[in-house]
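Biologist: Please take a close look at one part of this protein, the site of the bound metal, and then place it against the packing around the rest of the chain.

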Amino acid sequence: MSENKVFEAVDDYIHGLFVEADPVLDDILARSADAGLPDIQVSPGQGKLLYLLTKMIGASRVLEIGTLGGYSTVWLGRAMSGGELVTIEFDDAHAAFARETLDQAGLKPESQVLTGRALDILPALEPPFDVVFLDANKDSYPAYLRHAVRLTRPGGLIIADNVVRDGAVLAPEGVDPQAVGAAAFNQALAEHPALEAIILQQVGMKGHDGLAIARVKDS
Ligand code: SAH
Ligand code: DHB
Ligand code: MG
């Protein structure tokens, strides 16, 4: 097997073991494909990881930046037994699709999709959030991190998708503005005095990328 094939096969294996068929989540993927949404939502295994992290800290207030069709949003919402789930999406069509998704999922937390550029919406949000998940445009990740630190409670989590970008973060200048943003984010995350963090390097059905996980230190 080529490397990519074996990584995908192992992802299938992991999903077979740890991700049960779920009518709502499976339907989002089918509807997303039908609607021509880009196939860039988190994988089922990454969704399960978001779910576990969110559940482990007993989150009741969660913020996501970058909704797409609401696939990751439902994983986050499933981990909550109530509270508030806010997700921000720039694209009107994605936001409308996601609102339908969240209706169908019948989530227990109150959920709302805020439409607009995240940097226009974030200043109006107030702390405390238990979890902030970054998954929108990577060039703005450094700015999103500043908001996430302001918004996340001590002991809360800041999680960011796509921080490795097939290794492009090693030498991103002049190659990929998204990787430049991700690399600057990673540096800021590593240096931030209020955070303890790590990047999980990931391979699988979504290629080679990484997920950053940070905990806000106790004050
Ligand atoms: N979290 C989703 C995938 C998000 S894909 C999941 O895993 O299911 C990234 C999304 O971010 C896209 O829908 C894109 O329209 C949105 N986006 C891009 N730039 C944005 C911005 N400046 N503000 C808010 N959303 C943005
Ligand atoms: C892209 C965005 C994502 O959030 C992702 O997980 C993969 C790709 C993109 O914009 O290309
Ligand atoms: Mg992503």
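Modeller: The account below begins with the metal site and then turns to the nonpolar cores and the surface. The model is predicted. The magnesium ion (ligand 3) has three residues as protein donors, D135 (OD), D161 (OD) and N162 (OD1), which lie 2.0 to 2.1 Å from it. Along the sequence, these donor residues follow the spacing D-x25-D-N. D135 belongs to the loop between strand 4 and helix 7 (141-151), whereas D161 is part of strand 5, so the pair ties together parts that are 26 residues apart in sequence. D135 and D161 are both buried.

Strands 4 (129-134) and 5 (152-161) also contribute to the largest nonpolar core, each giving two or more residues. This core has 32 residues, and those with the most contacts inside it are I28, V62, V74, F133 and I159. Other elements that give two or more residues to the core include helix 2 (23-35), helix 4 (71-78) and strand 7 (207-216). Helix 5 supplies the largest share, five residues. The surroundings of V74 can be listed: leaving aside residues up to four places away in sequence, V74 touches V24, L25, I28, T101, L102, A105 and L107. A second, separate core of 27 residues includes V132, L145, L151 and F185. In soluble globular proteins, nonpolar side chains tend to be buried together.

Nonpolar residues are also found on the surface, where V10, Y13, I14, L17 and F18 form a patch with about 510 Å² of accessible area together. Of these, I14 sits in helix 1 (residues 3-18). I14 is partly exposed, with a relative accessible area of 35%.

Notes. Residues are numbered from 1 along each chain as its sequence is written. Chains are lettered from A and ligands numbered from 1 in the order in which they are written. This is a predicted model: local features need pLDDT of at least 70, side-chain atom pairs count only at pLDDT 80 or more; totals for chains, interfaces and linings use all residues. Side-chain values use heavy atoms; hydrogens and water are left out. A nonpolar core is a set of buried Ala, Val, Leu, Ile, Met, Phe, Trp, Tyr and Cys residues joined through side-chain atoms within 4.5 Å. Buried means under 20% relative accessible area, exposed over 50%, partly exposed in between (1.4 Å probe, protein chains only). Helices (H or I, at least four residues) and strands (E, at least two) are DSSP runs, numbered from the N terminus. Contact means heavy atoms within 4.5 Å. Donors are N, O and S atoms within 2.8 Å of the metal (3.2 Å for Na, K and Ca); water is not among the atoms, so sites may look incomplete. Patches are made of residues with over 30% relative accessible area and no salt bridge: like charges are joined within 9 Å, nonpolar side chains (Val, Leu, Ile, Met, Phe, Trp, Tyr) within 5 Å. Accessible areas come from the Shrake-Rupley method with a 1.4 Å probe; for residues, only the protein chains shown count as cover. A salt bridge is a side-chain nitrogen of Lys or Arg within 4 Å of a carboxyl oxygen of Asp or Glu.
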